[in-house]
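Here is a short report on one chain. It covers confidence, the main pocket and one helix.

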Amino acid sequence: MNLKWLLMMAGLIIIWGVSWPIYKLALVFTPPLLFAGMRCLLGGVLLGAIIWKTRARIQWRKNWKIYVVTGTLNIALFYGLQTEGLKLVPSGLFSVIVYFQPILVGLLAWLWLGESMTITKVLGLILGFLGVISVSAEGFSGHVSILGIIFGLLSALSWALGTVYTKKNAHSVDSLWMVAFQCLIGGFVLMIAGLSSEKWTSIVWNDTFLWGLSFGTILGIALSWILYVILVKTGDASVVATFTFLVPMLAVVIGTVFLNEPFTKLLFLGIILIVASIYLVNKKQKQTAKQVVVQGEIGT
């Protein structure tokens, strides 16, 4: 984990953290599935156009299954289930369910990728999840639907599976084209779902919607997923997933600063727990690196 990696992670957390309040404003003027489909599809088109000169790296016959699986897990199912679930469950509770993902990633990466699983890492993952519960607690009020909870769990599972699958296959395919095709394929599926259940005429093409769509297309989808795939490719999937605990925390802090939402004791507690979580999960990584150096010196 070097400075470049940390800067990329910081950029990703900021983009995803800012996305929540921006999308919240834009969704007043657009049906959710169509909005998700549009920004994913346009993000894929934009990225594909930028990297078109490298199209020889696509290798469709060899890699089409990877493109389809990542598009299905990371985009179609993740955003689709998230969009439908938010209609049925309070936003605070739903964010807690979705951010069960890092714990699932830690487990799947241990079982599937052979990443380490220690007591320190388990404790860190649990503290991070408790931190998300704390920062999201204010949004727990409202009707709770069992179907909404199931959608939330499935959304977390699809994201976790997509993350581990991406890590497993990242060195077999060009990272940029993986992102482009997952956005194109997933965005197309979301657009079909949106057009079959929502009305295109419900979209209000005002400045707020266009700003939200532009942000989502360029930063929220294209750039953020490039960063995420590269980070997962170059680091432990469980470590990357743990850093995403910062996303709901940052989203709540932004709401506090810019939308005049209250800064509560639970928010403060959540921040402490999430920071402690990231420290504990990465503490073991540093120790492991030192042990490797020592073992190498002993061996020589």
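In this predicted model, pLDDT stays under 50 over residues 285-300. For that stretch the model has five contacts beyond four places in sequence. Overall, the chain averages a pLDDT of 87. Of the residues, 91% score at least 70.

Next, the pocket. The largest one has a volume of about 1,200 Å³. Its lining comprises 41 residues. Nearest the centre lie Trp20, Pro21, Lys24, Leu86 and Ser91. Several helices each give two or more residues to this lining, including H1 (3-26), H3 (60-86), H4 (91-98) and H12 (265-299). The lining of the largest pocket divides by residue class as follows.

| Class | Lining residues of the largest pocket |
|---|---|
| Nonpolar | 23 residues |
| Polar | 13 residues |
| Charged | five residues |

Now helix H9. This helix covers residues 207-234, 28 residues in total. From first C-alpha to last, H9 reaches 38 Å, close to the 40 Å expected at 1.5 Å a residue. Where does H9 bend? The bend is at Gly216, by about 45°.

Methods:
Residues numbered from 1 in each chain as written. Predicted model: local features only at pLDDT ≥ 70, side-chain atom pairs only at ≥ 80, totals over all residues. Heavy atoms only, no water. pLDDT = per-residue confidence, 0-100. Contact = heavy atoms within 4.5 Å. 1 Å grid on protein atoms, 1.4 Å probe; cavity = no way out; pocket = protein on both sides within 12 Å on 5 of 7 lines; lining within 4 Å. Points joined across faces, edges and corners; volume = space filled by probe spheres on them. Helix = DSSP H or I, 4+ residues; strand = E, 2+ residues; numbered from the N terminus. Nonpolar A, V, L, I, M, F, W, Y, C, P; charged D, E, K, R; others polar. Expected span 1.5 Å × (residues − 1). Bend = angle between axes of the 7 residues up to and from the residue.
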